[in-house]
Amino acid sequence: MYAALVAAAAGLGPILARVQGPEDRFVGLANALAAGMMLGIAYPLTRDGLDAGTVSATIGAAVAVVVLFLVHVWFDLDGGDAISPVRALIGASVHSAPEGLALGVACATDPRFGAVVAFTLALHNVGEGIALSSYLVQREKRLRAVAAAALSNLPQVALATSGFLLATARPELRPLLLGASAGSLIYLSLADLLPSGYHVAGRTAISVVVIAATSMVAFAGALS
């Protein structure tokens, strides 16, 4: 249920904001908000993973980073400005998968923590929906952007369900899964969202948004 609501939240992005294209400054700020939230939620995931098993969590994070790097290279997702709508959708789907894993494992670890992660990812998906819409359609096709943004998060639902079932059935794997979730979110923030945000919105504005979002989410995660 959480995963489905979080995925649907991505469809709000194209509704709430009208952007002129990938170079729109608001797209950079939306990416910064999304990155800050991912970094913020990575903090409690890292904390819980290291507490449960330092070696397993570290291995999980390392493997996740390598896998995501290879996926980015394979689909050429770091191709700069000339990103086609198809590649933009693939990139959004790649982003959504580890986010779903983080949500599923968080729910299996602690339902309250899972609720915090779900709320954070829902807001994060709104920002990513705004960024995705800049690559897809013009104003007269806004409904398509809404559907595309929501459907690109279907891997999030699948990984959330799988992560929850696996972490529940095999508790000894939780440190590995928590580490993989945290490593994925940190990698996607630093290697993808932040560089694109710097490019169109400037370092100062991006830094302020990221620090504010990271601090608020990390604080909420620490209380859960």
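Here a biologist asks about a predicted model and a modeller answers.

Biologist: Before we start, what should I know about the model and its numbering?
Modeller: This is a predicted model, where local features need pLDDT of at least 70 and side-chain atom pairs count only at pLDDT 80 or more, while totals for chains, interfaces and linings use all residues. Residues are numbered from 1 along each chain as its sequence is written, and side-chain values use heavy atoms, with hydrogens and water left out.

Biologist: OK, let's go to the core. Which element gives the largest share of the largest nonpolar core?
Modeller: A nonpolar core is a set of buried Ala, Val, Leu, Ile, Met, Phe, Trp, Tyr and Cys residues joined through side-chain atoms within 4.5 Å; buried means under 20% relative accessible area, exposed over 50%, and partly exposed in between, with a 1.4 Å probe and protein chains only. The largest core has 47 residues, and Ile-41, Leu-45, Leu-103, Val-117 and Leu-185 touch the most other members. At least two residues come from each of helix H1 (2-9), helix H3 (25-52), H4, H5, helix H6 (111-136), helix H8 (154-169), H9 and helix H10 (203-223), where helices are DSSP runs (H or I, at least four residues) numbered from the N terminus. With 11 residues, the largest share of this core comes from H9.

Biologist: How many residues are in the other core that lies apart from it?
Modeller: Look for Ala-10, Leu-132, Ala-148 and Ala-149, which are among its members. That separate core has seven residues.

Biologist: Which residues does Val-117 contact, leaving aside neighbours within four places in sequence?
Modeller: Val-117 is one of the residues that touch the most other members of the largest core. Contact means heavy atoms within 4.5 Å. On that basis, the partners of Val-117 are Ile-41, Ala-102, Leu-103 and Ala-106.

Biologist: Now Asn-31: is it buried or exposed?
Modeller: Asn-31 lies in helix H3. Outside the four places on either side in sequence, Asn-31 touches Ala-131, Leu-193 and Ser-196. Its relative accessible area is 8%, so Asn-31 counts as buried.

Biologist: And how far apart in space are Phe-26 and Ala-131, C-alpha to C-alpha?
Modeller: Phe-26 is also in helix H3, and with a relative accessible area of 40% it is partly exposed. Leaving aside neighbours within four places, Phe-26 is in contact with Ala-17, Val-19 and Ile-130. In sequence, Phe-26 and Ala-131 are 105 residues apart, but in space the C-alpha to C-alpha distance is 8.5 Å.

Biologist: Let's talk charges. Which residue meets Asp-48 in a salt bridge?
Modeller: Side chains of opposite charge can pair when their charged atoms come close. A salt bridge here is a side-chain nitrogen of Lys or Arg within 4 Å of a carboxyl oxygen of Asp or Glu, and the structure holds two. Asp-48, in helix H3, is buried at 17% relative accessible area and touches Phe-113 and Leu-178, not counting residues up to four places away. Its salt-bridge partner, at 2.9 Å from N to O, is partly exposed at 23%: Arg-47.

Biologist: What is the distance between the closest N and O atoms of Glu-172 and Arg-170?
Modeller: Glu-172 is partly exposed at 46% relative accessibility, and Arg-170 is partly exposed at 41%. The two form a salt bridge, and their closest N and O atoms are apart by 2.4 Å.

Biologist: Is there empty space too? What is the volume of the largest cavity?
Modeller: On a 1 Å grid over the protein atoms alone, a cavity is a set of points where a 1.4 Å probe fits but cannot get out, a pocket is an open set with protein on both sides within 12 Å along at least five of seven lines, and lining residues have an atom within 4 Å of a point. The structure holds one cavity of 30 Å³ or more, and Ala-10, Ala-92, Glu-128, Gly-129, Leu-132, Ala-149, Ser-152 and Asn-153 line the largest cavity, with H6 giving the most, three residues. Grid points are joined across faces, edges and corners, and a volume is the space filled by probe spheres set on the points. For the largest cavity that comes to about 40 Å³.

Biologist: Last one: which helix gives the largest share of the lining of the second largest pocket?
Modeller: That pocket has a volume of about 300 Å³, and its lining has 14 residues, with Ala-64, Val-67, Leu-68, Pro-98 and Ser-184 nearest its centre. Helix H4 (54-74), helix H5 (85-109) and helix H9 (174-201) each give two or more residues. The largest share, six residues, comes from H4.
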